[in-house]
Amino acid sequence: MNYKSVLPKSGDRFLWVRFYALGDALQGVAEAFLIKRRFPEIEMSFLTRPLYKDIIASQPYLDKVICGEKKPLSVLMNTASAVKSAGTDWICSTYQGAHMPLLAKMAGVRNRLGNSRYFGFMETQNIYSWCDSLGIDLF
């Protein structure tokens, strides 16, 4: 696939997902910043645990913080509903597990950038390949 052929448009809603540990969430915030810097005209939101909401919301380049959890499945379904209600156009994460691609698919997000070890078939593009093609270094 030609990763440069699919880019966010002005006003697209982009959601970065990082649930678990605080260090992971903070790294995700830094990665979301790199995307926002490359595409300043997008709306950048962040999905994380309620515990980290205030820390994440303090970042000036984030337009919104959505809170959710990934376990159990019934809670992940509620999180997917919140993502869908937000009108998300793009969802992405560097997380290698199954939760993010499952969440993205359940929420009906069209552009799913991820790095899932076992569920890459549910993603539309690999986040690292997509970023590399745009000169964005995610570390």
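Modeller: Before we start, a definition: two strands pair if DSSP finds at least two bridges between them. Keep in mind that this is a predicted model.

Biologist: Okay, so which residue stands opposite Asn111 in S5?

Modeller: That's Trp90. Strand S4, residues 90-92, pairs with S5 in the parallel sense over three bridges. S5 also pairs with strand S6 (residues 125-126), again in the parallel sense, over two bridges, and there Gly114 stands opposite Asn126.

Biologist: What links S4 to S5 in the β-α-β unit?

Modeller: Helix H4, residues 99-107, and the unit is right-handed.

Biologist: And which way do the residues of S5 point?

Modeller: In a regular strand the side chains alternate between the two faces of the sheet. Here Asn111 and Leu113 point one way, Arg112 and Gly114 the other, and all are buried.

Biologist: Now helices. What should the 17 residues of H1 span?

Modeller: At 1.5 Å a residue, helix H1 (residues 22-38) should span 24 Å, and its end C-alpha atoms are 25 Å apart, which agrees. Its buried residues, including Ala25, Val29 and Ala32, pack against S1, S2, H2 and H5.

Biologist: How many salt bridges does a search of the whole structure find?

Modeller: Four. The general idea is that side chains of opposite charge can pair when their charged atoms come close. Take Arg13 and Glu43, whose closest N and O atoms are 3.9 Å apart. That pair links strand S1 to strand S2, 30 residues apart in the chain.

Biologist: Is Arg18, which meets Asp24 in another salt bridge, buried or exposed?

Modeller: Buried, because its relative accessible area is 13% and the cut-off is under 20%. Asp24, at 26%, counts as partly exposed.

How values were computed: Residues are numbered from 1 along each chain as its sequence is written. This is a predicted model: local features need pLDDT of at least 70, side-chain atom pairs count only at pLDDT 80 or more; totals for chains, interfaces and linings use all residues. Side-chain values use heavy atoms; hydrogens and water are left out. Buried means under 20% relative accessible area, exposed over 50%, partly exposed in between (1.4 Å probe, protein chains only). Helices (H or I, at least four residues) and strands (E, at least two) are DSSP runs, numbered from the N terminus. A crossover is right-handed if, with the strands pointing away from the viewer, the path from the first strand over the helix to the second runs clockwise. The expected span of a helix is 1.5 Å times one less than its number of residues. Contact means heavy atoms within 4.5 Å. A salt bridge is a side-chain nitrogen of Lys or Arg within 4 Å of a carboxyl oxygen of Asp or Glu.
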